[in-house]
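Hi everyone, thanks for coming. I'd like to walk you through a model today, so please have it open while I talk.

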Amino acid sequence: MQKITLLIHCKDQKGIIAAVTNYIASIDGNIVYLDQHVDEDEDVFFMRIECEFKNPKNDLKALEADFEQQLAAPFEMTWQLFTQEQKPKMAIFVSKYDHCLYDVLGRYRTNELPLEICVIISNHRDLEPVAQQFGIPFHHVPFTKEIKEQGEQQQLAILHKYEIDFIVLARYMQIITPNLIARYKNRIINIHHSFLPAFPGAKPYHSAFKRGVKIIGATSHYVTEALDEGPIIEQDIARVSHSHSIEDFITKGRDVERMVLARAIKLHAEHKTMVYNNKTVVFL
């Protein structure tokens, strides 16, 4: 049994769904999931399909070539095809905060995430024992303004060595370089509190506490050169009140960060996100 996921977007037009489903039927595929969305403002069609082949007749390269000729070219589609066996290879970037790292590694160990964590890269050595505990290779790459170029080259070399498909910033406290962002466009996932832009700086929870906010949130998004303004994948909130301390704010905030990051990683790994014009279409 071979399972394939197909992501498509193109200009909205008649007959796309019929053409794709008829094509899959013609090559003895069985559709087990189909969802679609039309962005009426942009006049763009999006679709995600999962299908199964009990006795696949074509190898993947042949199938891709045939799909391109029969459907993708005539409809001018942007498309991607993935097999269930292709578990994406993920790298984690961290600094000193460990709450998101522990959560991701714990979910990975219990097979909640359909991916392979290949390496952990950090600008500090503080979390190396955590990597050792979970049996994940750890690389210390110092990264400051003075040695940014050398740090970037080391990062790229490590990512190439492990054939990384996407990167997760699990509270990595450095700005990603434009070159790295370009190499991994829409494949770098970040997590941060949702107080921005109102409460920037090193202690946002303290600032929010003084202001008396009633909601704490977290946002996970793809990284772009515009800091913290990339396409949003997932968000959530937790309510707080005057009875909560600063420590409560931080604890609740970290809980939300963990949950939101894990959801974003899973959505990406399961090929349920599509990026268009700095927005995401997320198929749940």
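**A walk through the model**

Let me begin at a single loop residue: D228 has a relative accessible area of 30%, so it counts as partly exposed. D228 sits in the loop between β10 and β11. Its phi is positive, near 60°, and D228 is not a glycine. As background, most residues other than glycine have a negative phi. Please keep in mind throughout that this is a predicted model.

Now find E163, in the loop between α5 (148-161) and β8. Here too we have a residue other than glycine with a positive phi, this time near 55°. Is E163 buried or exposed? With a relative accessibility of 54%, E163 counts as exposed, because the cut-off for that word is over 50%.

Let's move on to the sheet those loops lead into. What is the order of its strands? Reading across, we get β7-β6-β5-β8-β9-β10-β11, which makes an open sheet of seven strands with mixed pairing. At the edges are β7 (138-140) and β11 (232-239), each of which pairs on one side only. From one strand to its neighbour in this sheet there is a turn of 20° on average, direction ignored.

Let's zoom in on one pair there. β9, residues 188-193, is antiparallel to β10, residues 215-222, and five bridges join them. If you'd like a place to click, try I189, whose bridge partner in β10 is Y222.

Next, the helices, and α8 is a good one to follow. It spans residues 246-269 and lies across β5 (89-94), β8 (166-169), β9, β10 and β11. Relative to β11, α8 runs at about 155°.

Two other helices pack on α8, and I'll take them in turn. A quick reminder on vocabulary: a pair of packed helices is described by the angle between the axes and the distance between them.

Take α3 to begin with, residues 99-109. It packs with α8 at an angle of about 45°, and the axes are 9 Å apart. That angle is why we call α3 oblique to α8. The crossing is right-handed. On the α3 side, the contact uses H99, C100, D103, V104 and R107. Those residues meet R254, E257, R258, L261, A262 and I265 of α8. What is the chemistry of that contact, in terms of nonpolar, polar and charged residues? The split is five nonpolar, one polar and five charged.

While we're on α3, its buried residues are H99, C100, L101, D103, V104 and L105. Together they pack against β5, β6 (116-122), α4 (128-134), β9 and α8. After α3 comes N111, which has a positive phi near 60°.

Now the other partner, α7, residues 204-211. Its axis comes within 9 Å of the α8 axis, and the two cross at roughly 125°. By that angle, α7 is also described as oblique to α8. Again the crossing is right-handed. From α7, the contact takes in Y205, H206, A208 and F209. From α8, it takes in I246, F249, I250, G253, R254 and E257. By type, the residues of this contact are six nonpolar, two polar and two charged. If you have α8 on screen, look for R254 and E257, as they appear in the contact with α3 and in the contact with α7.

For the last stretch, let's go back towards the start of the chain. Helix α1 (residues 16-26) packs with helix α2 (residues 60-75) at about 165°, with 11 Å between the axes. The two helices are therefore roughly antiparallel. Their crossing is right-handed. I16, A19, V20 and Y23 come from α1, and they meet L63, D66, F67, Q70, L71 and F75 of α2. Sorted by type, that contact has eight nonpolar residues, one polar and one charged.

One more stop, a hairpin. β2 (residues 30-39) and β3 (residues 44-53) pair in the antiparallel sense, over nine bridges. V38 has F45 of β3 as its bridge partner. How many residues lie between the two strands of the hairpin? There are four, and D43 takes a positive phi near 60° in this hairpin.

That's my tour, and I'm happy to go back to any part of it.

Definitions and conventions:
Residues are numbered from 1 along each chain as its sequence is written. This is a predicted model: local features need pLDDT of at least 70, side-chain atom pairs count only at pLDDT 80 or more; totals for chains, interfaces and linings use all residues. Side-chain values use heavy atoms; hydrogens and water are left out. Two strands pair if DSSP finds at least two bridges between them. Axes are lines fitted to C-alpha atoms, for helices over the stretch in contact, and angles run from 0 to 180 degrees between N-to-C directions. Contact means heavy atoms within 4.5 Å. Angles under 35 degrees count as roughly parallel, over 145 as roughly antiparallel, 65 to 115 as roughly perpendicular and the rest as oblique. A crossing is left-handed if the near helix is turned anticlockwise from the far one by less than a right angle, and right-handed if clockwise. Ala, Val, Leu, Ile, Met, Phe, Trp, Tyr, Cys and Pro count as nonpolar, Asp, Glu, Lys and Arg as charged, and the others, Gly among them, as polar. Buried means under 20% relative accessible area, exposed over 50%, partly exposed in between (1.4 Å probe, protein chains only).
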